[in-house]
Amino acid sequence: MSWSGKLVLAACGLAASIACAPNHASRNEVSAPGLKKQLFGRTAAGESVDLYTLANSHGMEVGVMTYGATVTSLKVPDAKGNIADVVLGFDTLEGYLGAHPYLGVVVGRYGNRIAKGRFSLGGVEYRLAVNNGANALHGGLKGFDKQVWRAKEAGPSLELTYVSKDGEEGYPGTLTATVTYTVTERNELRIEYSAVTDKDTVLNLTNHSYFNLGGQGEGDILSHIVTINADRFTPVDSGLIPTGELRSVQGTAFDFRKPTAIGERIDAAEEQIKLGRGYDHNYVLNGAGGGLALAVTVTEPKSGRVMLVSTTEPGVQFYTANFLDGTLKGKGGKVYQRRYGFCTETQHFPDSPNRPDFPSAALKAGARHQSATVFKFPAAPGS
Ligand code: GLA
């Protein structure tokens, strides 16, 4: 993809900037400095799943498990240094093995929707597993979120690799995908994606964490203040497939160019809000294509906790957990009600394989895809 070449992977200076946190040996297996590993459980097929903890010296701590390359916890400071876990999830592997709406996982091979589960590439039509009405969503019936990834410790980083076979869920080409998680001393969670394929294919990898900066399970996210660096978004049809239009946010409930509370217009009497049952739309990021750029800023007024999302991707799906309904019991017994989280899924636009005018999500045989997204949690305003 054209974005790949331009990406100056922020690995530059990364190793140098990471002073490693002390190990918390206890009963856990000691790994690289700042990395802990423990057995989390086993899948129904008996595969073991490990849970890694990445930490820095400021108390920021991130849990990542090998099933789905999933972020299971994200403990970050607020303005006063108080730490809270700001992502939704489960305490046990069993929770993740059950049905849930992609909490914390990496979605792939193609995150978001492909209309009717069909696309053509190089003159061949491919048919995908359809799992969302008439459409393919988040990689199909058994996407990357339901696979056990192979882990490798790389200094302070955790590298997770999954090999998706040619034809899996209908996608062409054997694709080797690697997701690298790093926690930096600047209170960042960096997620770097890389992939190669042996046949031309399409690809859209993202992380599907649900955030609540007031603490997971601590109510809805309507008071969070959001800024999105986008003048346009991609309106959708009733199946949440983009119509192809890049519509100005001007004068709509989708205008987050100035800091605005999520709840202010989430129930606006606008067709697009009704179709999404709130926000569930892709934003066309301004100035994409030049490396990592700030896409979204979120502040939770009560705690003062701030999250900055930067990405090399051209789009971000802003989703306000409109499908959560109180049936899921998450970490610490918290019940996840509608709009108890929000997602900022950095991505190529939904249905790009059927939209030649959208930035291409195709990956050529032998080429390398590289992209990155950084979630930063400044400990104090301006830091
Ligand atoms: C994405 C989609 C939503 C929904 C969630 C998972 O954000 O855009 O419509 O499918 O994933 O529930």
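Which side chain of opposite charge is nearest to Glu300, and how far away is Arg305? The structure is a predicted model, in which local features need pLDDT of at least 70, side-chain atom pairs count only at pLDDT 80 or more, and totals for chains, interfaces and linings use all residues. Residues are numbered from 1 along each chain as its sequence is written, and side-chain values use heavy atoms, without hydrogens and water.

Glu300 is buried (under 20% relative accessible area, 1.4 Å probe, protein chains only). Glu300 has no salt bridge (a side-chain nitrogen of Lys or Arg within 4 Å of a carboxyl oxygen of Asp or Glu). The nearest side chain of opposite charge, Arg305, is 5.5 Å away. Glu300 sits in the loop between β23 (293–299) and β24 (306–311). Leaving aside residues up to four places away in sequence, Glu300 touches Leu213, Gly214, Ser223, His224 and Arg305 (heavy atoms within 4.5 Å).

Pockets were sought on a 1 Å grid over the protein atoms alone, as open sets of points where a 1.4 Å probe fits, with protein on both sides within 12 Å along at least five of seven lines. Lining residues have an atom within 4 Å of a point. The largest pocket has a volume of about 240 Å³. Its lining has 18 residues, with Arg113, Leu137, Asp280, Tyr319 and Phe323 nearest the centre. These divide into 7 nonpolar, 8 polar and 3 charged.

The second largest pocket holds about 200 Å³. Of its 13 lining residues, Leu51, Gly63, Thr72, Ser73 and Lys75 are closest to the centre. At least two lining residues each come from β2 (35–42), β3 (48–55), β4 (61–65) and β5 (70–77).

Note on methods:
Helix = DSSP H or I, 4+ residues; strand = E, 2+ residues; numbered from the N terminus. Buried < 20%, exposed > 50% of the residue type's maximum accessible area, 1.4 Å probe, protein only. Lys, Arg positive; Asp, Glu negative; His and termini not counted. Points joined across faces, edges and corners; volume = space filled by probe spheres on them. Nonpolar A, V, L, I, M, F, W, Y, C, P; charged D, E, K, R; others polar.
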